[in-house]
Amino acid sequence: MILSGIKKIAFGTITVAALASSTIFVPSAFAQYGLGLSKSAGTGGATRGSLPQITMLVPEDGAKTVAARPTFYWYIAPPTIASNDSSTESAPVPSVAVKIPFKITVFLRDGNEKSSKSIFTALGKGEESGLYKLTLPENAPELVKGKIYRLQIRLESPDNLINVSTTIRRDDDTVQLKEIASAQNDLEKARIYVRNAYWYDAIDAYTNWLSQNPQDEVARAERNDLLKAGMKDNTAFSNERQSSLMTLIHTLEESQKAIAIVLYPKILQ
C-alpha cells in the first residue's frame, strides 16, 4: 500500500472539483493571463485518447495570484484500454471503469528553475481520473509578493512517472484588494480577478461559485471562456490539436464528483 506506516496529518487536501458547461461570453478580452516567462511543462505523459495524461489548468507561461497560498487545478485523463472490436484496429479508448493506483508528490520550489530548492513537499495518493484541486495548506510557506515560484507535481503509477509544473507570481494592488474585499460573493470576486488577470484566483472563485450554483449557465460560460483564453497557446492544444482543448473543456463540464486525497508529510531519507 502506498505510503503505509506514515502518520496522516490534516494539513490540506487535493480535491476533484467540478467545472461547468459553456456558451459564448468573453468576460475580459483584453486581459493577459500569462506571465510571459519561458513555457513550463504544463502537460505530461502519453496522450490518452485526445488528451495528455496530465494537464495543468493554467497558461503554459505561468500566472498571477493575489493569494498567499493559492489554489491549483489539474486534470488526470482516464486510462485507456484496447477495444475488442477488430473494426477499430484495437484503437485505445477511454475507460473510466479502470482504476490505476498512483502516488502524487507536490513540490513548491523557491524560484522559476526546475532545479530551484524545494521549500515545501507533501505526498498524496489516489486511483481515479478527474479534475484535481490543491490549495497550499497552512503549514506551507506564504508566497512572497513579487517573487516567482514553481509548483511541481510528480505522479507515480506502476507504469509511469510523470512530472508537470507551473509558475506562480504573487502580486497585489491596494485598490484591487479593496475591490475584492467588498465583493458580495464568489462570482463578483471571479470577475474582478479576471479583469486583473489573476488566473489562479479566478478559476477557483468560479469553481466555488458553481459548486453552490450549478445552474448558473452564465458563470459556466465565463469560466469556459477563461480556460479557452488562458490555454489557447498551450503547445499541447496548438494548431491541429485545438479540438483537444474543446474535448478537455467538455470533459470538465461533465465532472460532478469530488474525491479528496489526504496529504502526508514528505519523509526525508
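## Helix α3

Let's start with a quick check on helix geometry: at 1.5 Å a residue, the 14 residues of α3 should span 20 Å, and the end C-alpha atoms of α3 are 21 Å apart, which agrees. Please keep in mind that this is a predicted model.

How many of the 14 residues of α3 are buried? The helix is mostly covered, with eleven of them buried. Among these are the aromatic residues Trp 199, Tyr 200, Tyr 206 and Trp 209, alongside Ile 203 and Leu 210. Asp 201, Asp 204 and Thr 207 are buried too. The cover over the buried residues of α3 includes strands β4, β5 (71–76), β10 and β12, together with helices α2 (186–195) and α4 (217–231).

## The sheet beside the helix

Six strands form an open sheet with mixed pairing, in the order β4-β12-β11-β8-β9-β14. At its edges lie β4 (63–65) and β14 (264–265), each of which pairs on one side only. Helix α3 (residues 199–212) packs on this sheet, where α3 touches β4 and β12 (161–170). The direction of α3 makes about 70 degrees with that of β4.

Further along the sheet, β8 (residues 102–109) and β11 (residues 148–156) run antiparallel and are joined by seven bridges. Which residue of β11 is the bridge partner of Ile 104? That partner is Leu 155. As general background, strands of a sheet pair through backbone hydrogen bonds, either parallel or antiparallel.

## The nonpolar core

Now for the interior. The largest nonpolar core has 61 residues, and those with the most contacts inside it are Trp 74, Leu 151, Trp 199 and Leu 248. Helix α3 gives the most to this core, with eight residues.

Leu 151 is a good residue to select in your viewer. Leaving aside residues up to four places away in sequence, Leu 151 touches Val 106, Phe 107 and Leu 108, as well as Val 164, Ser 165, Thr 166 and Ile 168. Other residues that Leu 151 touches are Met 56, Phe 72, Leu 134 and Leu 136.

## Salt bridges

The structure holds twelve salt bridges. One of them joins the side chains of Lys 147 and Asp 110, at 3.1 Å from N to O. This pair links distant parts of the chain, 37 residues apart: Lys 147 sits in the loop between β10 (130–135) and β11, and Asp 110 in the loop between β8 and β9 (118–126). Are these two residues buried or partly exposed? Lys 147 counts as partly exposed at 29% relative accessibility, and Asp 110 is partly exposed with a relative accessible area of 33%.

Helix α3 takes part as well: Asp 204 forms a salt bridge with Lys 133, with the closest N and O atoms 3.5 Å apart. Because Asp 204 lies in helix α3 and Lys 133 in strand β10, the pair ties together parts that are 71 residues apart in sequence. Asp 204 is buried, with a relative accessible area of 15%, and Lys 133 counts as buried at 19% relative accessibility. Another pair is Arg 169 and Asp 171, whose closest N and O atoms are 2.8 Å apart. Here Arg 169 counts as partly exposed at 25% relative accessibility, whereas Asp 171 counts as buried at 16%. Finally, Arg 69, Glu 138 and Glu 142 are joined into one network by salt bridges that share partners.

Definitions and conventions. Residues are numbered from 1 along each chain as its sequence is written. This is a predicted model: local features need pLDDT of at least 70, side-chain atom pairs count only at pLDDT 80 or more; totals for chains, interfaces and linings use all residues. Side-chain values use heavy atoms; hydrogens and water are left out. Two strands pair if DSSP finds at least two bridges between them. Helices (H or I, at least four residues) and strands (E, at least two) are DSSP runs, numbered from the N terminus. Contact means heavy atoms within 4.5 Å. Axes are lines fitted to C-alpha atoms, for helices over the stretch in contact, and angles run from 0 to 180 degrees between N-to-C directions. A salt bridge is a side-chain nitrogen of Lys or Arg within 4 Å of a carboxyl oxygen of Asp or Glu. Buried means under 20% relative accessible area, exposed over 50%, partly exposed in between (1.4 Å probe, protein chains only). The expected span of a helix is 1.5 Å times one less than its number of residues. A nonpolar core is a set of buried Ala, Val, Leu, Ile, Met, Phe, Trp, Tyr and Cys residues joined through side-chain atoms within 4.5 Å.
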